[in-house]
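Trainee: I'm new to this one. Could you pick a single part, go through it closely with me, and then show me what else is worth a look?

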Amino acid sequence: MDFNMKKLASDAGIFFTRAVQFTEEKFGQAEKTELDAHFENLLARADSTKNWTEKILRQTEVLLQPNPSARVEEFLYEKLDRKVPSRVTNGELLAQYMADAASELGPTTPYGKTLIKVAEAEKQLGAAERDFIHTASISFLTPLRNFLEGDWKTISKERRLLQNRRLDLDACKARLKKAKAAEAKATLWNDEVDKAEQELRVAQTEFDRQAEVTRLLLEGISSTHVNHLRCLHEFVKSQTTYYAQCYRHMLDLQKQLGRFPGTFVGTTEPASPPLSSTSPTTAAATMPVVPSVASLAPPGEASLCLEEVAPPASGTRKARVLYDYEAADSSELALLADELITVYSLPGMDPDWLIGERGNKKGKVPVTYLELLS
């Protein structure tokens, strides 16, 4: 009991001494040991890393889950170390509503058939979104959280210890200064000077040791940046995959809806532009056009007679295929991702389509599946 009481009294004394030293420093009544410029830069860099990591983490959470109530629920499950229940995505919920509407309004009517097809696409979009959220959470959010809840807490703890060691060191410096001032007036203070010098040496050693530990941790922020850079690449990769999947699903949906008789009346809108910065319509418009071909039928009538179509004498271009494409009929050319084909335009063609050639095979190909090369 006596030992515990003495320890508590000692701790209270140390805390009071540090508080006095800190207060006197704030009012300019005591000297303060300054850290070198390199150390101060490391501290500022670490603080900046922590602050921006928090902001990026929070905003990414909002991106992946816009519903604040759902985010709170997920946070609570995580803190309780319990599995987050599976949640239906908005796309999947919309798909269910559309399917139910088609069932009630008539699945064999044009509207009902279209609802069913759109519902299937929305379900695929919802599944793609679920995969993206899962992948992004593991490859991006988790490493950021691990830094804030692990490495940063360790750094903060060692920085607090360094602050305490610095306060102790400056308190010892102040006591030695007072002891020497008293020694100059009376020889009776020699013992006090020796004691103060010994305390200063111990405090300086502890401060230097803690400063080295903290410095090593702060220099580790560079490794943190490298790790976060790798995670950022993974996040971009997963986001690219997600949007590419959504784009392909919607292209397939547009293609299927275009085959439904009576689905659209008087609609002449071209397909949506691709994800790239160059519009396919613009790209197609710059393609060389061959002289008029007699066998080219007006839109909606007989299909193009490919055997009688010849490429222009000059101006054909190479194109790289972005995605696999399954030909809908004999007038189209099936495509495989990353292959190179020759393409050109014909007068009267839909601007979203080109003629593609690969060896002795030719057929119409969608511009949105191509990257036109110079």
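Mentor: Let's start with a yardstick: a residue is called buried under 20% relative accessible area, exposed over 50%, and partly exposed in between, using a 1.4 Å probe and protein chains only. Keep in mind that this is a predicted model, where local features need pLDDT of at least 70, side-chain atom pairs count only at pLDDT 80 or more, and totals for chains, interfaces and linings use all residues. Residues are numbered from 1 along each chain as its sequence is written, and side-chain values use heavy atoms, leaving out hydrogens and water.

The part I'd pick is the sheet. To place it, read the chain from the N terminus: the elements run α-α-α-α-α-α-α-α-β-β-β-β-β, so to speak eight helices and then five strands. Here helices (H or I, at least four residues) and strands (E, at least two) are DSSP runs, numbered from the N terminus.

The five strands make an open sheet in the order 4-3-2-1-5, with antiparallel pairing. Strands count as paired if DSSP finds at least two bridges between them. Strand 4 (361-366) and strand 5 (370-372) are the edges, each pairing on one side only. From one strand to the next, the twist averages 40°; for such angles, axes are lines fitted to C-alpha atoms, for helices over the stretch in contact, and the values run from 0 to 180 degrees between N-to-C directions.

Now zoom in on strand 3 (residues 353-358), which is joined to strand 4 by six bridges, the two running antiparallel. Within that pairing, I355 faces K364 of strand 4, while G356 sits opposite G363. The two strands form a hairpin with two residues between them, and there G359 takes a positive phi near 65°.

A positive phi turns up at D338 as well, near 80°, and that residue is not a glycine. As a general rule, most residues other than glycine have a negative phi. D338 lies in the loop between strand 1 (317-321) and strand 2 (340-344), and counts as exposed because its relative accessible area is 55%.

The sheet region also has charged pairs. A salt bridge means a side-chain nitrogen of Lys or Arg within 4 Å of a carboxyl oxygen of Asp or Glu. E339 and R358 meet in one, at 2.9 Å from N to O. That pair links distant parts of the chain, E339 being in the loop between strand 1 and strand 2 and R358 in strand 3, 19 residues apart. With a relative accessible area of 16%, E339 is buried, whereas R358, at 27%, is partly exposed. E371 and R320 form a salt bridge too, their closest N and O atoms 2.7 Å apart. Since E371 belongs to strand 5 and R320 to strand 1, this pair ties together parts 51 residues apart in sequence. E371 is partly exposed at 33% relative accessibility, and R320 is partly exposed at 27%.

Step away from the sheet for a moment. The structure holds 16 salt bridges, and one of them joins R130 to E92, with the closest N and O atoms 2.4 Å apart. R130 is in helix 5 (residues 110-183) and E92 in helix 4, so to place them along the chain, they are 38 residues apart. R130 counts as partly exposed at 31%, and E92 as buried at 18%. R58, E61 and R145 are linked in a network of salt bridges.

R130 has another partner in space: its C-alpha atom is 9.7 Å from that of S86, 44 residues away along the chain. S86 sits in the loop between helix 3 and helix 4 and is exposed at 69% relative accessibility. V88 is found in that loop too, between helix 3 (68-79) and helix 4 (90-105), and is exposed at 56%.

Finally, the cysteines. A disulfide is taken as a pair of cysteine sulfur atoms within 2.5 Å, and by that rule the count is zero. C172 is buried, at 6% relative accessibility, and C246 is buried at 13%. Across the chain's 374 residues, 33% count as buried.
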